[in-house]
Amino acid sequence: MTVETWTPAHAPATVDALPKRDTWLSIRRGLTGRCPHCGEGKLFGRYLKVVDRCAACGETYSHHRADDLPPYLTIIIVGHLVIPAVLWTEQAFSPADWVQMAVWVPVTLILTLLMLQPIKGGVVGLQWANYMHGFHPSGPDDADPTYVPNPEGSRGG
Ligand SMILES: [Zn+2]
């Protein structure tokens with residue numbers, strides 16, 4: 001007697017079954033504002049607006065979900081650069097408070113605005129390389145093969 005397991009033809013592939021993507025290469029391409037897939041097309045149409053589709057290779061980016069991770073990482077990095085500098089300046093020179101504010105508020109703003117786009121690009125590259133969210137061939141929210149969308153017609157509560 002043979003036991004056969006039935007697998008639907010449209011069953012979502014697990015990430016392990018998909019072609020491997022170089023995570024660090026994808027992140028580096030995203031950090032430089034390039035398409036994580038081909039490295040040629042631009043990833044951003046405007047400052048923080050990710051293009052819907054790569055002009056060079058056609059990879060779709062409209063379903064990325066960088067969400068709050070880029071600002072979160074930016075805050076951590078800028079904070080770890082600016083706060084020690086403020087403390088060192090205070091201990092070394094003891095400048096007036098208005099001098100500290102006049103220097104460090106603009107420095108914080110400029111660093112934040114400079115880092116936000118590359119970090120967002122890196123996050124999109126990370127998601128693309130790992131088939132996260134909409135980058136999975138089965139589409140958004142179906143990356144988990146055990147995921148059953150809305151089985152009882154409601155999400156409870
Ligand atoms: Zn591309």
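**Three helices and their packing**

Author: Among the elements that cover the buried residues of α1 is α3 (97-129). The model discussed here is predicted.

Reader: Which residues of helix α1 are called buried, and what makes them so?

Author: In α1, which spans residues 23-31, the buried residues are Ser26, Ile27, Arg29 and Gly30. A residue earns that word when 20 or more other C-beta atoms lie within 10 Å of its own, so each of these four meets that count.

Reader: How do you know that the buried residues of α1 line one face of the helix?

Author: When one looks down the axis of α1, the buried residues fall within an arc of 160°, and therefore they occupy one face. Just after this helix, Gly33 adopts a positive phi of about 80°.

Reader: Why is α1 called roughly antiparallel to α3?

Author: The axes of α1 and α3 cross at roughly 150° and come within 6 Å. Angles over 145 degrees count as roughly antiparallel, so α1 and α3 receive that description. Their crossing is right-handed. On the α1 side, Thr23, Ser26, Ile27, Arg29, Gly30 and Leu31 take part in the contact, and they meet residues of α3 that include Pro118, Gly121, Gly122 and Trp128.

Reader: What makes α2 and α3 roughly antiparallel to each other?

Author: The axes of α2 and α3 cross at roughly 150° and come within 8 Å. With the limit set at over 145 degrees, the pair is therefore roughly antiparallel. The crossing of α2 and α3 is right-handed. The contact includes Leu69, Pro71, Ile77, Leu81 and Val86 from α2, and Trp104, Leu111, Met115, Ile119 and Val123 from α3.

Reader: Why is Pro71 called partly exposed?

Author: Pro71 has 16 other C-beta atoms within 10 Å. Exposed requires 12 or fewer and buried requires 20 or more, so Pro71 is placed in between. Pro71 belongs to helix α2, and its C-alpha atom is separated by 8.2 Å from that of Ile119, which is 48 residues apart from it along the chain.

Reader: What makes Asp68 count as exposed?

Author: Asp68 has 9 C-beta neighbours inside 10 Å, and the limit for exposed is 12 or fewer, so Asp68 is exposed. Asp68 lies in the loop between α1 and α2. Asp68 and Lys120 are 52 residues apart in sequence, and their C-alpha atoms are 9.3 Å apart in space.

Reader: Which sign does the phi of Ser94 have, and why does Ser94 count as exposed?

Author: Ser94 is not a glycine, yet its phi is positive, at about 45°. The residue sits in the loop between α2 (69-93) and α3. Its count of 9 C-beta neighbours inside 10 Å is within the limit of 12 or fewer, so Ser94 is exposed.

Reader: Why is His133 called partly exposed?

Author: His133 has 18 other C-beta atoms within 10 Å. That count falls between the limit of 12 for exposed and that of 20 for buried, so His133 is partly exposed. His133 is located in the segment after α3 and, although not a glycine, has a positive phi of about 55°.

Reader: What makes the 10 residues of the largest nonpolar core a core?

Author: The members are Cys35, Leu43, Cys54, Tyr61, Ile119, Val123, Val124, Trp128, Ala129 and Phe135. They form a core because they are buried nonpolar residues joined through C-beta atoms within 7 Å. Leaving aside residues up to four places away in sequence, Cys54 touches Cys35, His37, Cys38, Gly41, Glu59 and Tyr61.

Reader: How many helices and strands does the protein have, and in what order do its elements run?

Author: The protein has three helices and zero strands, and its elements run α-α-α from the N terminus. Of its 157 residues, 19% count as buried. Among contacts with a separation of 6 or more, 56% join residues 24 or more positions apart.

Technical notes:
Residues are numbered from 1 along each chain as its sequence is written. This is a predicted model: local features need pLDDT of at least 70, side-chain atom pairs count only at pLDDT 80 or more; totals for chains, interfaces and linings use all residues. Helices (H or I, at least four residues) and strands (E, at least two) are DSSP runs, numbered from the N terminus. The arc is that of the directions from the helix axis to the C-beta atoms. Two residues are in contact if their C-beta atoms, placed from the backbone, lie within 7 Å. Axes are lines fitted to C-alpha atoms, for helices over the stretch in contact, and angles run from 0 to 180 degrees between N-to-C directions. Angles under 35 degrees count as roughly parallel, over 145 as roughly antiparallel, 65 to 115 as roughly perpendicular and the rest as oblique. A crossing is left-handed if the near helix is turned anticlockwise from the far one by less than a right angle, and right-handed if clockwise.
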